[in-house]
Amino acid sequence: MACFEIKDLSFSYPGRDRAALDHVNLTVEQGEFVVLCGKSGCGKSTLMRHLKPVLAPHGEKSGRILFYGTDIGEVDFRAQSSQIGYVLQNPDNQIVTDKVWHELSFGLESLGADNETIRLRVAEMASYFGIQTWFQRDVSGLSGGQKQLLNLASIMAMQPLVLLLDEPTSQLDPIAASDFLETIRKINREVGTTIIITEHRLEDVFPYADRVVVMEKGRVIANDTPRVVGRDLKDKHNEMFYALPSPMRIYAGVDNDLECPLTVREGRAWISRLMDGVDIGEREIVDGKTFDDSDPVVEMKEVWFRYEKEGADIVKGLTVKIPKNKIFCIVGGNGTGKSTTMKLLTGILRPYRGKIKIWGRDIRKYKNNELFDHNMAMLPQNPQSLFVKSTVKDELLEMLSAAKLTKEEREAKAMEIAALVDIEDLLDQHPYDISGGEQQRAALAKVLLTEPKILLLDEPTKGLDNYFKFRLASILKDLNQKGVSVIMVSHDIEFCASYGDSCSMFFDGDIVITDTPNKFFSGNSFYTTSANRLSRHLFLNAVNNEDVISLCKRNLTTK
């Protein structure tokens, strides 16, 4: 039986010429695992919100959505709450209580369940999701991965028929994201809950899908099994092909007639068959780069920080030198102190011990706004924290309000930066009405208008499609050429490996190692790329897809 039947659904936001959804027709069967993907602004989140009417955006709508044969508009609020679960991108936006145990029981209490049922369901979910060890803790003290797991458990306590997840791993580190998605798969496989999930990071979730639905400009352009969709996107030279898992992209880059792999395990088997009988003469990528911090733009020496006087230390003896005009990437698990370190660099937080120097000058000697006057700027993890105006255009112009420019010059500068980050068609929209990826680009535009010499980025690729990740990398490299130093905290391993000049591993409040991406990611088991895990039994230091493709081709030509 069909869980959802979407019939000729169209939707337009107020004041927008182009429809966000354009005659969408889609059926989701009971128990299916469906992955919904597409470039930022393609309509994924808009479609997802229409599947739970209490979250549906305001605008002009036509067409029908049936939920188990009933028009979704006729499904009452109680049934929506209990039968259609929804997990948001940002876990903090969904948590409503102060304690873990209370969050688990909140939904059931709202539905009027009796105490016996609540106690049983809460105990079951806490055990199933491994929450019992932090059951009594304050929610504020949880990591991002724990908060998202708590959101999921709270929803599952109501025993929904379908689970909608809108980029649920966007703020999770790679290990936490993989664990979270495996839990989703387990729920689908063992409980039979229908799963519809939108994701930009497709490495882990793509192989789990029964069906992949690809959207573009509000329309469904592909709807089939993962392998068929991958082949179609490749044949059509669609940009979404470059968002597919690394095994599929590496396979497509090498001429062969073997079966296309979906997972790293299948990719290892494929490359072993491909290179069977080949005398592999070239096993490594020649990388002459070395990490050089002799001319630092930022220096931290024995820095210690805690949020409360008697609390635990978050940053512990951190010592690091960050070189000029490079992209310096910091990776590590949730809750290890990365974002806190970024706030220390801006002066928002002050260490209780140690020194921080910016351009060789003690950060405490910068007066008033001197640190931020065409010097330093930061893109925060939550882009919405930068929005204060009613349109994207006004957000950009607001950054130029104090500049000694004519109105025409301010307009021209705003349009120039809008074109750079590809938000020209969003200028008249409210910043809260655009997608997460579009919000990220709008926030980046605001930050770039300050013309900083040191650019701090906290999860800059969150919510971005692969197409704009390429654009972002180009923008950052261009800024390097213009004398801008980039310090980036990210969970996006593939981006750091491809475009970073150096990478640091943050653990337990300190940096444990810093090196060039090739050397850094070659030796890791989990904090490394899919390309490296796929090929390390044959090649020594292939880190990104291009490395593996290049080594395959070079060895096959000498076969």
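The exercises below, each with a worked solution, concern parts of a predicted model.

**Exercise 1. The sheet with E1**

Work out the order of the four strands in the sheet that contains E1, and find which strands lie at its edges.

Solution.
Step 1. The order of this open sheet is E2-E1-E4-E5, and its pairing is antiparallel.
Step 2. Strand E2 (21-29) and strand E5 (70-71) each pair on one side only, which makes them the edge strands.
Step 3. Within the sheet, strand E1 (residues 2-12) and strand E4 (residues 60-67) are joined by seven bridges. In this pair, Ile6 has Ile65 of E4 opposite it.
Step 4. In general, the strands of a sheet are held in pairs by backbone hydrogen bonds, in a parallel or an antiparallel arrangement.

**Exercise 2. Helix H3**

List the buried residues of helix H3 and state which helices they pack against.

Solution.
Step 1. Helix H3 covers residues 100-110, and its buried residues are Val100, Glu103, Leu104, Ser105, Gly107 and Leu108.
Step 2. These buried residues pack against two helices, H4 (115-128) and H5 (144-156).
Step 3. After H3 comes Gly112, which has a positive phi, near 80°.

**Exercise 3. The sheet with E11**

Describe the sheet that contains E11 and the helix that lies across E11.

Solution.
Step 1. Four strands, in the order E12-E11-E14-E15, make an open sheet with antiparallel pairing.
Step 2. The edges are formed by strand E12 (315-323) and strand E15 (361-362), each of which pairs on one side only.
Step 3. Two bridges connect strand E14 (residues 353-358) with E15, and Ile358 is placed opposite Arg361 in E15.
Step 4. Helix H10 (residues 338-346) lies across E12, E14 and strand E11 (296-305), and runs at about 115° to E11.

**Exercise 4. Cysteines**

Decide how many disulfides the structure holds, then examine Cys260 and Cys503.

Solution.
Step 1. Searching the whole structure gives zero disulfides.
Step 2. Cys260 is accordingly in no disulfide, and the nearest cysteine sulfur, in Cys552, is 14 Å away.
Step 3. A disulfide requires two cysteine sulfur atoms within 2.5 Å. The sulfur of Cys503 lies 4.4 Å from that of Cys329, the closest cysteine sulfur, so the two are too far apart for a bond.
Step 4. Is each cysteine buried or exposed? Buried means under 20% relative accessible area. Cys260 has 18%, so Cys260 is buried. Cys503, at 0% relative accessibility, is also buried.

Terms used:
Residues numbered from 1 in each chain as written. Predicted model: local features only at pLDDT ≥ 70, side-chain atom pairs only at ≥ 80, totals over all residues. Heavy atoms only, no water. Buried < 20%, exposed > 50% of the residue type's maximum accessible area, 1.4 Å probe, protein only. Contact = heavy atoms within 4.5 Å. Pairing = 2+ DSSP bridges. Axes fitted to C-alpha atoms, helices over the stretch in contact; angles between N-to-C directions.
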